Amino acid sequence: MAPCSRWAPLLLLACCLALLAGRPAAAGPVQPTYPGDDAPVEELLRFYDDLQQYLRVVTRHRYGKRSGGRALCEEPYGAVGC
């Protein structure tokens, strides 16, 4: 039983590393590549649509903990609330 219990943590570690290494590019969307000046009109239109969608995702507003907004119970202009 001792040799089997030694391999279990190593197998678990290998599985965790495999899961972490499976998606290295999941941090954000991929920027579209410019097809070139001599590309057909349809390909340029597809590029500009992809570029517009990419810019919407990258520049969208982030709400939540890091938004820097006021606290929920804080009144504007220093009035007492809550």
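**View 1. Tyr-34 sits in the loop between H1 and H2.** This is a predicted model: local features need pLDDT of at least 70, side-chain atom pairs count only at pLDDT 80 or more, and totals for chains, interfaces and linings use all residues. Residues are numbered from 1 along each chain as its sequence is written, and side-chain values use heavy atoms, with hydrogens and water left out. Helices are DSSP runs of H or I with at least four residues; strands are runs of E with at least two; both are numbered from the N terminus. Tyr-34 is partly exposed, at 42% relative accessibility. Here buried means under 20% relative accessible area, exposed means over 50%, and partly exposed lies in between (1.4 Å probe, protein chains only).

**View 2. Tyr-34 has partners in the loop and in the helix that follows.** The side chains of Tyr-34 and Asp-37 share a polar contact of 2.7 Å. Such a contact is a pair of N or O atoms within 3.5 Å; within protein, one must be able to donate a hydrogen and the other to accept it, and residues adjacent in sequence count only if both atoms are side-chain atoms. Leaving out residues up to four places away in sequence, Tyr-34 touches Leu-44, Phe-47 and Tyr-48. Contact means heavy atoms within 4.5 Å. Tyr-34 and Leu-44 are 10 residues apart in sequence, and their C-alpha atoms are 8.1 Å apart.

**View 3. Tyr-34, Phe-47 and Tyr-48 make up one aromatic cluster.** The whole structure holds 2 aromatic pairs. In one of them, Tyr-34 and Phe-47 meet edge-to-face, 5.4 Å centre to centre, with 75° between the planes. Rings of Phe, Tyr and Trp (its six-membered ring) pair if their centres lie within 6.5 Å; planes under 30 degrees apart are stacked, over 60 edge-to-face, and the rest tilted. Why does this pair tie together parts that are 13 residues apart in sequence? Tyr-34 lies in the loop between helix H1 (2–21) and helix H2 (41–58), while Phe-47 lies in helix H2. Phe-47 is buried, at 10% relative accessible area.

**View 4. H2 has a buried side and a face turned away from it.** Which residues of H2 are buried? They are Leu-44, Phe-47 and Tyr-54. Seen down the axis of H2, these fall within an arc of 85°, so they line one face of the helix. The arc is that of the directions from the helix axis to the C-beta atoms. The face turned away carries the exposed residues Val-41, Glu-42, Leu-45, Arg-46 and Arg-56.
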